[in-house]
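Visitor: Please choose one part of this model and look at it closely. Where does it sit, what surrounds it, and how does it relate to the rest of the chain?

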Amino acid sequence: MSLNEQLKKVSDHYTSIVYEKANLADSQELADRIISFLTEKKIIHKELSDCVLGSTGHKPAENFGSILEKQYEGFLDSKPNGLEIITERSVFENGGNGLEQVNCPNCGQNQIEEDWGSALENWYDNTESDLVKCSNCLSENPITKFNFEPNWGFGDFGLIFWNWGKFKSEFLIELEKVIGTELTIVYGKL
Ligand SMILES: [Zn+2]
């Protein structure tokens with residue numbers, strides 16, 4: 001890999017669009033609906049190819065720029081530049097750059113120093129006990145109710161767009177109509 005390519009790798013970024021209330025039963029149906037919607041508009045190609053990191057995804061098609069606020073030069077030739085569709089329980093995080101705050105939904109106090117390991121594990125396992133107790137107000141709330149800064153998303157369904165950049169708000173509104181719910185946007189950078 002050339003130095004240029006390596007430098008480029010360092011700055012890969014991605015946008016995750018997360019459906020936080022999905023359940024596993026309908027994730028695949030949702031994925032099919034999104035693929036149809038985006039291929040009809042020629043935003044992505046239907047067939048899967050090697051265009052995301054560590055998996056397969058959908059390459060951008062000729063109208064990809066219509067949903068973006070700004071197009072990056074050389075985007076079509078760069079890699080990764082695909083759409084990865086996640087249909088299993090995942091934490092959509094900001095790329096391992098760390099969190100600044102995790103605030104209690106009840107009193108607002110930063111609880112980042114608390115032990116999050118078992119609550120996270122329980123959430124992944126889909127058990128009932130993903131409650132975290134706030135050390136300040138002593139209220140217990142599911143891990144997904146805490147306010148993460150930068151934003152994180154928790155869900156069974158998500159779209160990860162590699163290096164696409166910022167989407168037009170009209171597109172996100174349209175997508176919410178297709179999926180039928182509010183969506184959480186998570187910006188990540190490697
Ligand atoms: Zn609290």
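Guide: A residue is called buried when its relative accessible area is under 20%, exposed when it is over 50%, and partly exposed in between, with a 1.4 Å probe and protein chains only. The model is predicted, so local features need pLDDT of at least 70 and side-chain atom pairs pLDDT 80 or more, while totals for chains, interfaces and linings use all residues. Numbering starts from 1 along each chain as its sequence is written, and side-chain values use heavy atoms, without hydrogens or water.

The part chosen is N81, in the loop between strand 3 and strand 4. Helices (H or I, at least four residues) and strands (E, at least two) are DSSP runs numbered from the N terminus; strand 3 spans 57–60 and strand 4 spans 83–86. N81 has 0% relative accessibility and therefore counts as buried. Its side chain has a polar atom 3.1 Å from the backbone oxygen of F75, and the backbone oxygen of L76 also lies 3.1 Å from a polar atom of that side chain. Such a polar contact is a pair of N or O atoms within 3.5 Å, one able to donate a hydrogen and the other to accept it; residues adjacent in sequence count only through side-chain atoms.

Contact in general means heavy atoms within 4.5 Å. With residues up to four places away in sequence set aside, N81 touches C51, K59, P60, F75, L76, W162 and W164. The loop that holds N81 also holds P80, and the peptide bond between K79 and P80 is cis, with omega about 0°.

W164, touched by N81, leads to the interior. Together with F171, W164 has the most contacts inside the largest nonpolar core, a set of 26 residues. A core of this kind joins buried Ala, Val, Leu, Ile, Met, Phe, Trp, Tyr and Cys residues through side-chain atoms within 4.5 Å. At least two of the core residues come from each of strand 1 (13–19), helix 2 (27–40), strand 4 (83–86), strand 11 (157–162) and helix 4 (169–179). Helix 2 is the greatest contributor, with 6 residues. Beyond four places in sequence, F171 is in contact with I17, F37, L38, I67 and F161. A separate core has 13 residues, including W123, V132, I143 and F146.

T15 offers a second polar residue to set beside N81. T15 belongs to strand 1 and is buried, at 1% relative accessible area. A polar atom of the T15 side chain is 3.1 Å from the backbone oxygen of G165. Once neighbours within four places are left aside, the contacts of T15 are L159, I160, F161, G165, F167, I185, V186 and Y187.

The wider setting is given by the domain assignment (bounds from an automatic or database assignment). N81 falls within the bounds of domain 1, 12–93 + 152–189, while domain 2 covers 101–149. Their C-alpha centres are 27 Å apart, and the contact takes 6 residues from domain 1 and 7 residues from domain 2. A cis peptide bond is also found between E149 and P150, with omega about -10°; P150 is in the loop between strand 9 (147–149) and strand 10 (153–155).

A zinc ion is coordinated at 2.3 Å by the SG atoms of C104, C107, C134 and C137. Donors are N, O and S atoms within 2.8 Å of the metal (3.2 Å for Na, K and Ca); water is not among the atoms, so sites may look incomplete. The 4 donor atoms subtend angles of 108 to 111°, so the arrangement is tetrahedral, a label that asks for all angles between 85 and 135 degrees. The donor spacing in sequence is C-x2-C-x26-C-x2-C. C107, in the loop between strand 6 (101–103) and helix 3 (117–125), and C134, in the loop between strand 7 (131–133) and strand 8 (140–142), are 27 residues apart and link distant parts of the chain. C107 is partly exposed at 35% relative accessibility, whereas C134 is buried at 1%. L138 is located in the loop between strand 7 and strand 8 and has a positive phi near 65° without being glycine; at 55% relative accessibility, L138 counts as exposed.

Technical notes: Tetrahedral: all angles 85-135°; square planar, octahedral: opposite > 155°, others 65-115°.
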